[in-house]
Amino acid sequence: PILHNIIAAFPHDPQAETKVILALSVPALVVALTAPFAGRIAEKSGRKGILLLSLVLYLFCGLAQFFINDLNQIIASRIGVGLAESGFMTASTTLLGDYFKGAKREHWLVVQTSTASVAAVIMMVIGGALGEMGWRWPFLVYALPVLFIPLVMVLIKEPQHDAAETQTTGFPLLKVLPLYLIGLIAAILFFIVPIQTPFVLTARGLGSPQIIGLTSAIGGIAVPIGGFLFKKLSQKPLFLVLTLAFALIASGLWLFAGNNSYPLTCMGIVITGLGCGITLPAVLTAIMGQLSFEQRGRGT
């Protein structure tokens with residue numbers, strides 16, 4: 001919700017717009033580059049340790065952005081945020097794969113992606129409201145690990161190795177590589193709406209951080225609904241599920257980009273969110289089904 005405000009806060013930097021978009025998206029790039037290493041560490045030293053360390057890093061690098069006055073330093077802190085996300089996203093998803101199997105695993109992966117989307121909706125609204133006070137204030141939401149760190153210490157248990165899942169073959173790269181490619185395409189499409197919403201709405205005369213936050217939240221609500229749609233469709237062949245998901249994303253992006261009407265723009269955001277909500281758990285579930293205990297950290 002505050003992208004446009006951050007750009008306006010640095011009028012003397014000719015690359016401000018590019019740097020701000022980079023600051024938004026660089027954590028995802030860092031996750032893509034470092035998550036396999038985080039998975040290796042999780043396999044060797046345990047899931048819980050990397051989960052805790054990542055939350056501490058997230059707290060410090062996230063809150064640092066409230067105090068920084070330089071876009072390059074903000075980007076650097078966002079790299080730290082990406083490293084933290086790499087660790088706790090990998091560890092938490094791997095733990096779900098360890099704790100549950102079959103339909104239960106499918107259920108909790110849907111709950112995970114849905115919970116993340118609901119949290120994003122809430123944070124979008126809070127971020128938009130805090131953004132009315134100034135562009136720095138939304139970064140205070142990065143204080144939330146203060147609550148999560150003690151909960152992880154008390155409630156999360158390191159999973160026991162299941163002898164029945166002992167790895168007998170090499171990593172099944174040929175089986176999961178097509179799924180990773182689909183996931184990559186879906187992630188790129190998923191990022192278009194949150195990155196472009198502030199600019200699209202500002203160009204259409206609706207540049208208030210609160211309006212941008214509420215509009216983005218509308219799309220976020222659609223993602224968990226898409227996740228629960230996947231639960232209804234999960235018995236169908238994977239290619240049919242993904243075909244439906246990408247058709248929704250394509251039609252949603254067409255509405256989002258192609259019309260100046262605010263209701264149609266919102267409709268496009270919602271339809272795109274539904275498609276992305278189907279894609280995320282579908283790809284995750286398919287990958288998990290191919291991985292043994294020892295492979296799960298890297299594979300995730």
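The questions and answers below concern a predicted model, and they move from its cores to a pocket, a helix and two serines.

Me: Which helix gives the most residues to the largest nonpolar core?
Reply: The largest nonpolar core has 32 residues, and those with the most contacts inside it are Ile6, Leu71, Trp135 and Phe139. Helices α1 (3-9), α2, α3, α4 and α6 (145-155) each supply at least two residues of this core. The helix that gives the most, with 8 residues, is α4.

Me: Leaving aside neighbours within four places in sequence, which residues is Ile6 in contact with?
Reply: Ile6 belongs to the residues with the most contacts inside the largest nonpolar core, a group that also includes Leu71, Trp135 and Phe139. Once its neighbours within four places in sequence are left aside, the residues in contact with Ile6 are Val20, Leu71, Trp135 and Phe139.

Me: How many residues has the other core, which lies apart from the largest nonpolar core?
Reply: Among the residues of this other core are Phe230, Val241, Leu242 and Ile278. The core lies apart from the largest one, and its number of residues is 13.

Me: How many charged residues are in the lining of the second largest pocket?
Reply: The second largest pocket holds about 160 Å³ of space, and α2 (16-45), α3 (47-67) and α4 (71-99) each supply at least two residues of its lining. Among the lining residues are Thr34, Ile41, Leu53, Ser54, Leu83 and Gly87. By class the lining has 7 nonpolar and 4 polar residues, while the count of charged residues is none.

Me: How many of the 27 residues of α10 are buried?
Reply: Helix α10 (residues 262-288) reaches 39 Å from its first C-alpha to its last, which is close to the 39 Å expected at 1.5 Å a residue. This helix is mostly covered, and of its 27 residues the number buried is 20.

Me: Is Ser77 buried or exposed?
Reply: Ser77 is found in helix α4, and, leaving aside neighbours within four places in sequence, Ser77 is in contact with Cys61, Gln65 and Ile68. Because its relative accessible area is 9%, and the cut-off for this class is under 20%, Ser77 is buried.

Me: Why is Ser216 placed in its accessibility class, and which class is that?
Reply: Ser216 has its place in helix α8 (residues 209-233), and, leaving aside neighbours within four places in sequence, Ser216 is in contact with Met124 and Thr197. Its relative accessible area is 12%, whereas the class requires a value under 20%, and therefore Ser216 is buried.

Technical notes. Residues numbered from 1 in each chain as written. Predicted model: local features only at pLDDT ≥ 70, side-chain atom pairs only at ≥ 80, totals over all residues. Heavy atoms only, no water. 1 Å grid on protein atoms, 1.4 Å probe; cavity = no way out; pocket = protein on both sides within 12 Å on 5 of 7 lines; lining within 4 Å. Points joined across faces, edges and corners; volume = space filled by probe spheres on them. Helix = DSSP H or I, 4+ residues; strand = E, 2+ residues; numbered from the N terminus. Nonpolar A, V, L, I, M, F, W, Y, C, P; charged D, E, K, R; others polar. Buried < 20%, exposed > 50% of the residue type's maximum accessible area, 1.4 Å probe, protein only. Contact = heavy atoms within 4.5 Å. Core = buried A, V, L, I, M, F, W, Y, C linked by side-chain atoms within 4.5 Å. Expected span 1.5 Å × (residues − 1).
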